[in-house]
Amino acid sequence: MHTKYNQGYQQYLERMQQIGSTEMIINMGPQHPSTHGVLRLELVTDGELVKDVIPHLGYLHRCFDKHAESMNYGKSIPFTDRLDYLASMNNSHAFVMGVERMLGIEQHLPKRVEYIRVLVCELNRIASHLIAIGTYGIDIGAFTPFMWCFRDREHIMNMLEWASGSRMLYNYIWVGGLFYDLPVGFEQRCKEFIAYFKPKLAELDGLLSSNQIFISRTANVGVLPSDVAINYGCSGPMLRASGIKWDLRRVDGYSVYPELDFEIPVGKGLMGTVGDSWDRYKVRVDEIYESVKIIEQCLARLMSDFARLPDFDPRAMVPKKATMKAQNYYVRAENPKGELGFYFETKDKSDIPLRLKARGPSFNNLSVLPELGKGVLIADLIAILGSIDIVLGEVDR
């Protein structure tokens, strides 16, 4: 193997050869429920103390990048759903934005299409964060938040299934438009859900945020300084919890986000240190509040200025064949877990990319774990890993 690509493996071998007489190697995963998927963490421990953490990936390889190089852009959209399968709408939104920009049709999409996209993406963002909060509660030992989060997520799943016909992997956002318009009565039902959900969210917030046991397990645990977060390429709630106000919905201003009013929550160290596990949890809770605000604004526009018309066709701009000139292009969007990016290398007059590379936020966010996990207790390592909120489908791709 070439020395350039062998360096990490050599460092691993050297570390294994330096195991002391009081140290022990423990495998956490790939079947461990708190690794949030098939992730194997190799721990070097001294009693209950973690000396080193070595993540081993590759147990859930999706081959997305190579799949996308063998089929046209439209056929790749169902595969984007399978990256972060808890936020499928957000994945396909990022992907189709890149293709639309390369085709030069992004500025010509109907406003109703854009507002529907943002609506379903924000619903999916709430569903993803509810999973993150619920499973984090159960990692720490709180079972009730887990049940509450899944109960409320179920309402969102039902609505997105009503719109797309699929429960988790939607294939709803297409290049140039949508698979179908929203079902008749969807906007009203969504308004009813928001009215139901607001007090439930406040109840969930109160149950965990001020719980002394939860605070003891998360405050001042796994502190991620802002400079370390930047150097590791962290994004999303991981980065914002470290006090950096960076949200691509504001920074890049894509789709109709510039027309919407919402805040960007950041970590403030209210219970401990800025960038600790509690801050990462709280940023996600606060983002749900902001997503609710965005959904309310989208519904207001979809029921007034851009209301349903009998002749509206959400597929009117869907190209029969997405052929484009040869170019290199990178598109990025704010997924629930951070910056999801797609790098396209296209061939001239072809609707199949020459090269496609996905940049999953969970991969970079997970790479900082060895830094956060040194010198902590094994129980704290579970709290740190849960606060990162990873999905292995986009780590391995």
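Contact is taken here to mean heavy atoms within 4.5 Å. The structure described is a predicted model.

By this criterion, and leaving aside neighbours within four places in sequence, tyrosine 257 is in contact with Val118, Cys121, Glu122, Arg125, Arg249, Arg250, Phe262 and Ile294. Tyrosine 257 is found in the loop that separates helix H11 (248-251) from helix H12 (277-302). Its relative accessible area is 1%; tyrosine 257 is therefore classed as buried, the cut-off being under 20%. With one of the contacting residues, glutamate 122, the side chain of tyrosine 257 also forms a polar contact of 2.5 Å. Between tyrosine 257 and isoleucine 352, by comparison, the C-alpha to C-alpha distance is 30 Å, at a sequence separation of 95 residues.

Two of the helices may be described in terms of span and burial. Helix H5 (residues 111-140) comprises 30 residues and extends 43 Å from its first C-alpha to its last, close to the 44 Å expected at 1.5 Å a residue. Coverage of H5 is extensive in that 28 of its 30 residues are buried. Just after H5, glycine 141 adopts a positive phi of about 120 degrees. Helix H12 contains 26 residues, and its span of 38 Å from first to last C-alpha is close to the 38 Å expected at 1.5 Å a residue. H12 is likewise mostly covered, with 19 of its 26 residues buried.

The largest nonpolar core holds 76 residues, of which Phe95, Leu119, Leu123, Tyr172, Phe342 and Phe344 touch the most other members. The greatest contribution to this core comes from helix H5, which supplies 14 residues. For leucine 123, the residues touched, not counting those up to four places away in sequence, are Ile156, Met159, Leu160, Phe186, Cys190, Phe193 and Ile295. Another core, of 27 residues, lies apart from the largest one; Ile382, Leu385, Ile388 and Leu392 are among its members.

The model further contains an open sheet of three strands, arranged in the order S1-S2-S3 with antiparallel pairing. Strand S1 (24-28) and strand S3 (49-56) occupy the edges and each has a single partner strand, so one side of each is left without a neighbour in the sheet. From one strand to the next, the twist averages 25 degrees. Strand S2 (residues 40-46) runs antiparallel to S3, and the two are joined by seven bridges. Within this arrangement, glutamate 42 is placed opposite isoleucine 54 in S3. In general, the strands of a sheet pair through backbone hydrogen bonds, in either a parallel or an antiparallel manner.

Backbone torsions in two loops complete the description. Most residues other than glycine have a negative phi. Histidine 36, which lies in the loop between S1 and S2, has a phi near 55 degrees, a positive value in a residue other than glycine. Asparagine 220 also shows a positive phi, near 65 degrees, and is located in the loop between helix H8 (212-218) and helix H9 (226-231). At 48% relative accessibility, asparagine 220 counts as partly exposed, because exposed residues must be over 50% and buried residues under 20%.

Notes. Residues are numbered from 1 along each chain as its sequence is written. This is a predicted model: local features need pLDDT of at least 70, side-chain atom pairs count only at pLDDT 80 or more; totals for chains, interfaces and linings use all residues. Side-chain values use heavy atoms; hydrogens and water are left out. Two strands pair if DSSP finds at least two bridges between them. Helices (H or I, at least four residues) and strands (E, at least two) are DSSP runs, numbered from the N terminus. Axes are lines fitted to C-alpha atoms, for helices over the stretch in contact, and angles run from 0 to 180 degrees between N-to-C directions. Buried means under 20% relative accessible area, exposed over 50%, partly exposed in between (1.4 Å probe, protein chains only). A polar contact is a pair of N or O atoms within 3.5 Å; within protein, one must be able to donate a hydrogen and the other to accept it, and residues adjacent in sequence count only if both atoms are side-chain atoms. A nonpolar core is a set of buried Ala, Val, Leu, Ile, Met, Phe, Trp, Tyr and Cys residues joined through side-chain atoms within 4.5 Å. The expected span of a helix is 1.5 Å times one less than its number of residues.
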